[in-house]
Amino acid sequence: MDRMLKLSDDEEHSCASKSRRASHIMSHATHNSNDVAQQLPHQNHQEDLTVKNKSKSNTLNSQHNGNGNTMGLGYNSSPEKLTVLDLILDSLGLRNLTSKDIGALIMLGFMFLLFVISVTGFFVMWFTEYYNNTMLQQLVLANNSDTAKSWQNPSSDYDTLLKAHIFNYTNIEEFLDGRADKMHVVDLGPITYQEHTVKDQVSFNDNYTVSFRDKKSYKLLSSKSTIREDDVVLVPNVPLLSAAVHVKRFKLLKRLTVMSIISLFNEPLFKRLTVHEYLWGYRDKIISLESLGGGKTHFGLLRTRNGTSVDSVQLNTGEDDITKFSIITQFNGKPQLDFWEGDECNRIDGSEPSMFSPSLLQDRSTVHVFLQVLCRKVPLHFEKEETIYDDINVLRYRTPLDVFAHPSENPANECYCRNTDRCLPSGVINATKCYDDSPIFPSFPHFFSGDPVLYKDFEGIKPDADLHQTYADIHPRFGFPIGGASRVQINIMLDKTPLLKNQANRLENATILPLIWIEITAGDFNDDLLSKLYISTFGLDAIQLALKYGTLLVSVTMFSLIVASVYYLNSRREEQQLEHSKSSAELEALNGGPGSSSVVVVQLHVSHSVGHSHRGGHECH
């Protein structure tokens, strides 16, 4: 009995000793920075000790990434491998990103790309002519293009109107007889025709030019006319007045023969003709003479306009340079005219009247148009911006008042006076060489802007800028006239030669006799054509404005979003740094202060068995 009590006391003493030893080991491991592994005595006890030593940074990573347990086991001594992306993110301070952060970063990249694109578009739309030039490429006359096909054979919707006014000499017989002090002329008209123009004998050349002849046809519009074609008018006898100039240049024998024949015709200085005869032709005896008509039999002031023109034109298609679009490069196969004296007046680098290069209109500078009826180019000066056809903006150009001025008033016209015996007063131009040496002197209608001496012997001449000055309303984007009027008057000069006998005694030599004046205007646009014009005008303008202000808006928006995204990511970076600092401080506190460099984690397993007597056993708790 005493022996058993002694054994029990020894066992209790042994359990208490073992418990104090384990507590001492745990306390010692907690305050020790080195790895500890101790083997307890093997008397009836087996202890397993595993130590894992982690650095502070690895402990922090395990807390964030969930890959480690501060109270667990498993020691990994191999260094962590970093990818290129990890290195980039580390350099940017964005290593530990959440899925939300990564999404924000991707969105930032997309916004930056969109910002670059929008800024590029902004500069293109606001500071270059790329958009306009792209639109202008649709205007060039490339062979087999839709534009070229429409130009060669346009729809009748685009037909122009030709309005002819005839000067009727109502009292010429009284004036020639001395019973009237002045010639009284009446402006009859207009008689209006629909003018349809197609291009004939078209040839596209390798040097970005196209050669052609105009082919015109006319249809009388009685509803727009104030006179009829069968009305009779008293007008100058143009074949006789023209023959008087030609005959005096013949050699003596030929001159006398021709004068004798013409005298037999007994042609009056003024004759009565119907409007149709005067404009479109009648059989004339003087013209039928081979020496004067060159095989022709009929004469009419507008006869040569009907059908294919005798004049060929070559112009630039604009394919190589849109600024050259519609500029005439050759007239009747020649790069320069030979009607005038001097290179400047013989230059033919004006535009074809039906279209202009829009690029030449942008700075509102002077443009030039080549007029075949004058055989010269005429300047057009920008006057103002105008609105026509219910809110369609156009650029209004007008001919300057001094275009036909005497060289003393306009020195640029000096070369137009060198090919004549006399330089006539301001208001007319000597175009005799242009009309096969016939004494034709064009002017503005009613001698507008001309010297009053030209019409001092006339009554009924009433110049008016609104009625008689040429102007053009040009579409600023497309460059073709959609309004305006081209106005010119055809005059003939009286040359008092023996051929006229005594019929012109009352008239002064070199008197300018007005014949007709014509006005070419745009036709009446129907609703369908106006609708197309509105869509093409406002549609392209709307697209341009949308692109200009759209790129500006997107640029500003993307810039704002980029700034906000950068601010967000920077805030996240600061939060991560703050969290990292806080975690480091906590770990240092757990390790016993700044002197500790590692955290020691110990997991202790103790298992033991105590031998029992054959009568019973005890277990330490």
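Strands, as the term is used here, are DSSP runs of E with at least two residues, numbered from the N terminus. In this predicted model, the loop between strand 17 and strand 18 contains Ala504, and that loop is a suitable place to begin.

Ala504 has a relative accessibility of 3% and therefore counts as buried, the limit for that class being under 20%. In sequence, Ala504 and Leu176 are 328 residues apart, yet their C-alpha atoms are separated by 7.3 Å in space. The loop that holds Ala504 also holds Ala510, between strand 17 (481–493) and strand 18 (512–522). Ala510 counts as buried because its relative accessibility is 12%, a value that falls under the 20% limit.

The backbone of Ala510 leads to a second topic. Most residues other than glycine have a negative phi, and most peptide bonds are trans. Ala510 has a positive phi, near 70°. Cys375 likewise is a residue other than glycine with a positive phi, in this case near 55°. Cys375 is located in the loop that runs between strand 12 (367–371) and strand 13 (376–388). With a relative accessible area of 3%, Cys375 is buried. As for the peptide bonds, the one from Gly189 to Pro190 is cis, and its omega is near 15°. Pro190 itself belongs to strand 3, which covers residues 183–204.

The next topic is the empty space enclosed by the protein. Rolling a probe the size of a water molecule over the atoms shows where such space is left. Three cavities of 30 Å³ or more are present in the structure, and the largest cavity contains about 130 Å³ of space. This largest cavity is lined by 19 residues, of which Cys417, Cys423, Val428, Ile429 and Asn430 are the closest to its centre. Sorted by class, the lining comprises 12 nonpolar, five polar and two charged residues. Cysteine counts as nonpolar in this classification.

The surface offers a further nonpolar feature. Leu545, Tyr549, Leu552 and Val556 make up a nonpolar surface patch of about 360 Å². One of these residues, Tyr549, lies in helix 16, which spans residues 527–590. Tyr549 is classed as partly exposed because its relative accessibility is 48%. A residue must have over 30% relative accessible area to take part in a patch, and the 48% of Tyr549 satisfies that condition.

Conventions: Residues are numbered from 1 along each chain as its sequence is written. This is a predicted model: local features need pLDDT of at least 70, side-chain atom pairs count only at pLDDT 80 or more; totals for chains, interfaces and linings use all residues. Side-chain values use heavy atoms; hydrogens and water are left out. On a 1 Å grid over the protein atoms alone, a cavity is a set of points where a 1.4 Å probe fits but cannot get out, and a pocket is an open set with protein on both sides within 12 Å along at least five of seven lines; lining residues have an atom within 4 Å of a point. Grid points are joined across faces, edges and corners, and a volume is the space filled by probe spheres set on the points. Patches are made of residues with over 30% relative accessible area and no salt bridge: like charges are joined within 9 Å, nonpolar side chains (Val, Leu, Ile, Met, Phe, Trp, Tyr) within 5 Å. Accessible areas come from the Shrake-Rupley method with a 1.4 Å probe; for residues, only the protein chains shown count as cover. A salt bridge is a side-chain nitrogen of Lys or Arg within 4 Å of a carboxyl oxygen of Asp or Glu. Helices (H or I, at least four residues) and strands (E, at least two) are DSSP runs, numbered from the N terminus. Buried means under 20% relative accessible area, exposed over 50%, partly exposed in between (1.4 Å probe, protein chains only).
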